[in-house]
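Hi everyone, thanks for coming. I'd like to walk you through one protein model today, so please have a look at the screen with me.

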Amino acid sequence: MFFIGSISLLFALIYCSIPVASQQVVDYDALPSDTIFPGPWESNIRAPLNKSHIVPSKIFNFEGAVSGQESILQDADAASGISWVIRTGGLITFEFEENISGRVCFDVDSVKNDPYLVLAYSESPFFAGREPDATNDQLARDLPLLFPITHTGVNCVAPGYNRGGYKYLTVYVPENDIPTEGGFWHEGLKIPTRALEKKTEPWYSSIGQKILNWQEPVLDSKNKSQIEVSISAVWVNCTAFPSHPNGRAYTGYFDSSSTLLNRVWYAGAWTLQLSTLDPQEGGSIIEFNRRFDHNTAPVGAWYSNYTIANGSVVTTDGAKRDRMVWPGDMTIAVPGIAVTTYDMLAIRNALNTIYDHQYSDGGMPYAGPPMGALHEFSDTYHLHTLIGTYEYVLYSGDLAWLKERWSWYKLALDISIAKVDNLNLLHVTSIFDWIRPGMGGHNVEASSILYEVLGNSIKLAEWVGDKKTETSGEQWAATKTRLAKGIATMYCPADTLFSDNIEERSCTAPGKVTPQDGNSWALISKATTGVQAHNVSESLRKRWIKYGAPAVEFPNVISPFASSFELLGHASAGNHDAAVELMELMWGYMLDGPGMTNSTLIEGYRIDGYVHYPAYWSAARNSHAHGWSAGPTTVLSQGILGIELLSPLGKTWKIEPHLTKWLSYARGGFATKLGKFEVSTTRLIRVSDGRKVEGLNVTIPSGTSGIIKWHDLEQVITSHTAQTLSFLQEARLSDDDDVRTTQVHNFNWSDYVHDDSWVRPTVEERPEAVVDWEALEENYHLNDKKYVSLRK
């Protein structure tokens, strides 16, 4: 069942160091060129076979003066004589197999009368058409891109016009030179560039290329009716995930009896890949950028050429926007990357960006450049940087880097500890979090995250060998104890949930809120355990609606970010059935629901299922490939397969699988420098007598030790060589319960077959939700035009 073998030599080159600026960075250029776990599950990988030549799969729409729209697109560019001809007034919308990113190229056969094309991009089919979806918030939609065709042969848009995320590409020649909706963004205009300042330099000095003043392109109106472009091929050169020439060379995998869960795991992996960028192709919010690069691009223009980090690769929040380093996303993204592609360099460069711009008082910036110059700060995102630090070191084993950053880490931790006051809670002084309102005061989410960070910090101190922090370690443990007491005071027995804060959102306040994020973090951090943790988990489950788990702290919103925390919370509370149930309910909708991409994971959406994320007034601005939504990829690997690293690289580990009532089998694993961790658990029937059993295989690397916990089995393992261990568990059914006896013995797998008699439980129906339009209008101050446009 397993391919056994050490991959130590494969990863041996990964940990070479090269100098960049004043830092030493890990060279991950030697990442595997092919998958470490080959198998049929690779059919779920969304990454293309050739990232430099991604072709559309079909025609989504066509209008007016076009021909060739009946052509089958797959392999069309390799076929002889197939072409698409677009004339004045003609439009074709191409659809790709999945959400992608990159520069569009055309192979042009012939042209007439100084032609040009207009390009519009969209991740969602709801916004596929003559206007793109949105990267900025100044207009409901971005300006379409005017693309002059200068010659026959290959024509590619300029590097700065690397659209970060799209599944639909609309190509047209308008009837009028300048459309009524406000004009084009001219592909020929020179766009500004800038370099990332080092920490020792003044931030955000104007060192970039001087921007040209905007001028509308001059078009030849007299010949516009005769414009014609004949195209024999359309393709995209994807520049995302630059560490991986082969984007399918995964270092982890997941497979189960649920085809939906399998798709969800790989959608998370693909979302994280698309959100991993060349640092010089970041910063899509050019309205914000202009205060630093002084661009004079028109409102609604777009491009991605802001340098957001040092190095060759960096992980960001999303593919289309914001294309920046956001610490909050790291809590979900770092372990997700670790169990899929192992792009540790992308993570390290992101962390370096935040540390390099750490404020003099120890505070971490709310986000990386271009943010940070205005001293933007979030109590929660400050802590998420510290969580990302722990997770990076845990999976990479990069203790040398940790030693370089350790003093800054401790300074940052001191900032948060100092805010724990006589109420034994972290007093939040910043309103910034994940755009949800109401952040502030003595907040349960922030206090629980700090509780988690303190536990991580004690382990980091041990790993880095900081003997001088023993006193600090005692202080950290004492602060944890205080926080546990304070968090306990926020529990609302009538709701079996924690309140948002002890001020205006407390258990007894008229504005009581029992937040999804805060209750999830109380579970993740184990600030609450036992029966109370189970009750919190079940109370969160009872709030689910037809399209997922509502974030009640943010009215009208379903947040995959907060819901990723909820998944982690259910797993932490031992309620793995609820975790799998929510993945299929919510993430299944995120793949197959109306307006979704079927391949990547959306930033957020409305409680009625529509793709509008109420954090923004324009529904078109939603990101459909956002790393913070990839929680299932981590939970399926860590919670369901149960592979948990306890020390860097998995030198010590715990494996505790949970098949749950929803699955008949699950298998998967991932690799670190030490080797492969792999788990397979399945329901079986003994051929000789029909007895039902469960089988478990566990593969562990050499030179590691840990504990295997499986139902009533608890076995300590020390592995001197890479090995696979097999276990069987007999099940004796009684009227009251499933009474299990674990047996570990020599047996022949051929004596057992998969239990095809297993029946999946019935899924509970969930109620529809109704949008509170008055709350939307009140919270986001929508004017009448914008407000009406949201009522879809």
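Let me start with a question: in β12, which residue is the bridge partner of Val-111? It is Val-229. Before I go on, please keep in mind that this is a predicted model.

So let's stay with strand β12 for a moment. It covers residues 228–237, and nine of its 10 residues are buried. The Val-111 bridge belongs to the pairing with strand β6, residues 91–112, where β6 and β12 run antiparallel and are joined by nine bridges. Strand β12 also pairs with β5, residues 84–87, again in the antiparallel sense, over four bridges. In that pairing, Ser-230 of β12 is the bridge partner of Val-85.

Now for the cysteines, which I suspect you have been waiting for. How many disulfides are there? The count comes to two.

One of them joins Cys-105 to Cys-156, with an S to S distance of 2.0 Å. Cys-105 sits in strand β6 and Cys-156 in strand β9, residues 153–156, so this disulfide ties together parts that are 51 residues apart in sequence. The torsion about the S-S bond is about 110 degrees, so the link is right-handed. Are the two ends buried or exposed? Cys-105 is buried, because its relative accessible area is 4%, under the 20% cut-off. Cys-156 counts as partly exposed, because its relative accessibility is 28%, between the 20% and 50% limits.

The other disulfide is formed by Cys-492 and Cys-507, with the sulfur atoms 1.9 Å apart. Cys-492 is in strand β18, residues 491–492, while Cys-507 is in the loop between β19 and α10, and the two are 15 residues apart. This link is left-handed, with -85 degrees about the S-S bond. Here Cys-492 is buried at 2% relative accessibility, and Cys-507 is partly exposed at 25%.

If you number the bonded cysteines in sequence order, the pairing reads 1-2, 3-4. One more cysteine to point out is Cys-238, which counts as buried at 2% relative accessibility.

Finally, a word on confidence. The chain averages a pLDDT of 87, and 85% of the residues score at least 70. Over residues 197–218, though, the pLDDT is below 50, and this stretch has 53 contacts in the model beyond near neighbours in sequence. Residues 732–737 also stay under 50, with six contacts beyond four places in sequence. Where pLDDT is low, the predicted coordinates should not be read in detail.

Thanks for listening!

Notes. Residues numbered from 1 in each chain as written. Predicted model: local features only at pLDDT ≥ 70, side-chain atom pairs only at ≥ 80, totals over all residues. Heavy atoms only, no water. pLDDT = per-residue confidence, 0-100. Contact = heavy atoms within 4.5 Å. Buried < 20%, exposed > 50% of the residue type's maximum accessible area, 1.4 Å probe, protein only. Pairing = 2+ DSSP bridges. Disulfide = S-S within 2.5 Å.
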